[in-house]
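Please open the model in a viewer and keep the selection panel at hand. The tour proceeds by selections, from the whole chain to individual elements.

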Amino acid sequence: MRLLSYIFSVLAVGAVAAAAFQASYNYFQSQELAEADGRLSLYQSSVYSELDRFSHLTYVLARDPHVIQAVEGLRSQDLNTRLEDFALRAGLEAIYLMSPTGLTIAASNHQTETSFIGQNYAFRPYFQQALQGQKGRFYAIGSTTGLPGYFIADPVLNSTGKIGGVIAIKIGFTQLEGSWRRSGEQVLLANQDGVVLMASNPEWLYQVLAPLSQGQKDKIQKARQFPGQPLQPLDWAPMEEGWAKIGTAERLHLSIRDLPHGWQLHYFASDGRALARSWLVTALVVFIAGLAVISIQFQRAQRTARALARAEREEIQLRRSNDRLAKEIEVRRTAERRLERTRDELERTSRLAALGRLAASVTHELGQPIAAMRNHLAAAEISQPEPSVLSAKISSLVDRMEGITRQLKFFARSDHEETGAVDLNAALQTSLTLVEGNLQETRTKLTLELADQPILIAGSRLRVEQVMTNLLRNAIDASEEEETPQIQVSSGMDAGVAWFEVRDNGHGLGDAALADLQEPFFTTRASGRGMGLGLAISAGIVNDHGGQMEATNLPEGGARFRVTFAVPISEEEGSV
């Protein structure tokens, strides 16, 4: 009878251990997936940043007088020197100008052995796109240098308004790919054909995720996109339920397929930490269950002994019972402390995943303004040999934006944020300066109706300007597909309430409510155009200032965003 009891106890402990392992593994695996999703968002953000950092530069260069003169046959040698100087300062691999036939007539690398001058790139898709009046973009291995890069091109119009040439830049991904390899993680970026363009493992480069069709091979061959590369299939296979086999190892697999040009990003994570934690929890459960079984058996033996000599050993058994109870309490307290430490560790893991998403949002929101302003500064320096007021102004704006970036690089806001009197009119003027390039590029008509007197509130001017800039940029994006995009910006004070609002004639909010728009990662833009974090951040800033944000669809089409501050301050209070 006693043997059967022992066998039953062992089987029960084994069943509890198996259930504990499976439950804890599922839980810890979900935590690993959440953290991996945050890391994947960071990698996605880094790719977006590299592709968009110089997206406006060719547009600016195509309108430079020196470039226009060069396509008309004047002073190309001077242009070589200018392009060389600018490429060095901007950190670009090359800037070069081609004739309508594809022949390179000026280049920043004119003094190197692999100079582009005299080379013909009419076979490149980015040249063909630019020659048709579009912005050309293409990733390929350089046919002259043999080095991979991302090419951006724009048409150059001569004095008669016709396309007289194509200006192009080449961006290298050496630093980005180096950071991927140093991270110790497994990640790769493939193009629309499944060819691996960048990877943390250099052996994966220029292998394909799936065999290429003959049509794909012909297209790649015609564009000379990957000369000298065999384009062999990568040793990997996707599996069910978020797993993939890469080489000989099975890994958790996450991917993003809404990148520009149909590119796709793949991230492979190990489940080793989840297994280790699961075994730790299982060992703890087995330990507690074993103590319970031992305690039961021990108590049964004690009851038998007490039945034989209850009178004589009653006092001794009482002391032993007290000792066992104290030990059991201590064991349970120890188990509770271990469980508490395990929960704390899980909470820290969740916070790390949240910080990864926050870093993605910060990079997304601030990367484009900084890149746009750097391009404006570059345009001013190219067109004006001597420093100008415009250059100083744009430099100041870039410094402000970089100040924000330095704060948010550490996933936290400064504890000593400077606050004071903020003039909404002045803040709106500054924000309009930040999006001036976007207004010009989209040819958006701006109507400004600001109050005659300063409208002062108490708060942080930098954060208020961040809200305004985000609303203005959203309005520009919403109305850019209209035939005549229009934005109306106004401010005022009614019944002791300070306010400003932004109207546009774009596609409106649709069926989304403001509460939906303020949710992180909710967006009404097309896939790949936004991460849905701007309004969530802006709403938090407005709430911190004791304000309120409203969003409505306009009857005539478009949307209106109105921000109110219930406690404005007077000019006398603001000057104290």
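The stops below begin with the whole chain and then turn to its sheets, a hairpin and a surface patch.

**Whole chain**

This is a predicted model, in which local features need pLDDT of at least 70 and side-chain atom pairs count only at pLDDT 80 or more, while totals for chains, interfaces and linings use all residues. Residues are numbered from 1 along each chain as its sequence is written, and side-chain values use heavy atoms, with hydrogens and water left out.

Select the protein chain, which has 16 helices and 19 strands; helices (H or I, at least four residues) and strands (E, at least two) are DSSP runs numbered from the N terminus. Of its 576 residues, 45% count as buried, where buried means under 20% relative accessible area, exposed over 50%, and partly exposed in between (1.4 Å probe, protein chains only). The chain exposes about 30,100 Å², of which carbon and sulfur atoms supply 54%; these areas come from the Shrake-Rupley method with a 1.4 Å probe, and for residues only the protein chains shown count as cover. Among contacts (heavy atoms within 4.5 Å) with a separation of 6 or more, 63% join residues 24 or more positions apart.

**First stop: strand β5 and its partners**

Select residues 163-171, strand β5, in which eight of the nine residues are buried. Add residues 94-98: strand β1 pairs with β5 in the antiparallel sense over five bridges, pairing being assigned if DSSP finds at least two bridges between two strands. Ile95 has Ile169 in β5 as its bridge partner.

Next add strand β4, residues 148-157, which is antiparallel to β5 over eight bridges. Here Tyr150 is bridged to Ile171 of β5. β4 and β5 form a hairpin with five residues between them, and Gly161 in the turn has a positive phi of about 85 degrees.

**Second stop: the six-stranded sheet**

Now display the open sheet of six strands, ordered β7-β6-β11-β10-β9-β8 with antiparallel pairing. Why do β7 and β8 each have one side without a neighbour in the sheet? β7 (196-199) and β8 (236-238) stand at the edges, each with a single partner strand, so one side of each is left free of a neighbour. From one strand to the next, the twist averages 30 degrees.

At the β8 edge, three bridges join β8 to the antiparallel strand β9 (residues 243-246). Select Pro238 to find Ala244 of β9 opposite. Then add helix α6 (residues 174-182), which packs on the sheet and touches β6 (186-190), β7 and β11 (264-269). The direction of α6 makes about 55 degrees with that of β7; axes are lines fitted to C-alpha atoms, for helices over the stretch in contact, and angles run from 0 to 180 degrees between N-to-C directions.

**Third stop: the three-stranded sheet**

Move to the open antiparallel sheet ordered β12-β14-β19. Its edge strands, β12 (420-423) and β19 (568-569), each pair on one side only. Two bridges link β14 (residues 456-459) to β19 in the antiparallel sense, and Ile457 has Pro568 in β19 as its bridge partner. Helix α11 (residues 424-434) packs on this sheet, touching β12 and β14, and its direction makes about 65 degrees with that of β12.

**Last stop: a surface patch**

Finally, select Leu4, which lies in helix α1 (residues 2-52). Leu4 is exposed, with a relative accessible area of 59%. Together with Ile7 and Leu11, Leu4 forms a nonpolar surface patch of about 320 Å² accessible area. Patches are made of residues with over 30% relative accessible area and no salt bridge, like charges being joined within 9 Å and nonpolar side chains (Val, Leu, Ile, Met, Phe, Trp, Tyr) within 5 Å; a salt bridge is a side-chain nitrogen of Lys or Arg within 4 Å of a carboxyl oxygen of Asp or Glu.
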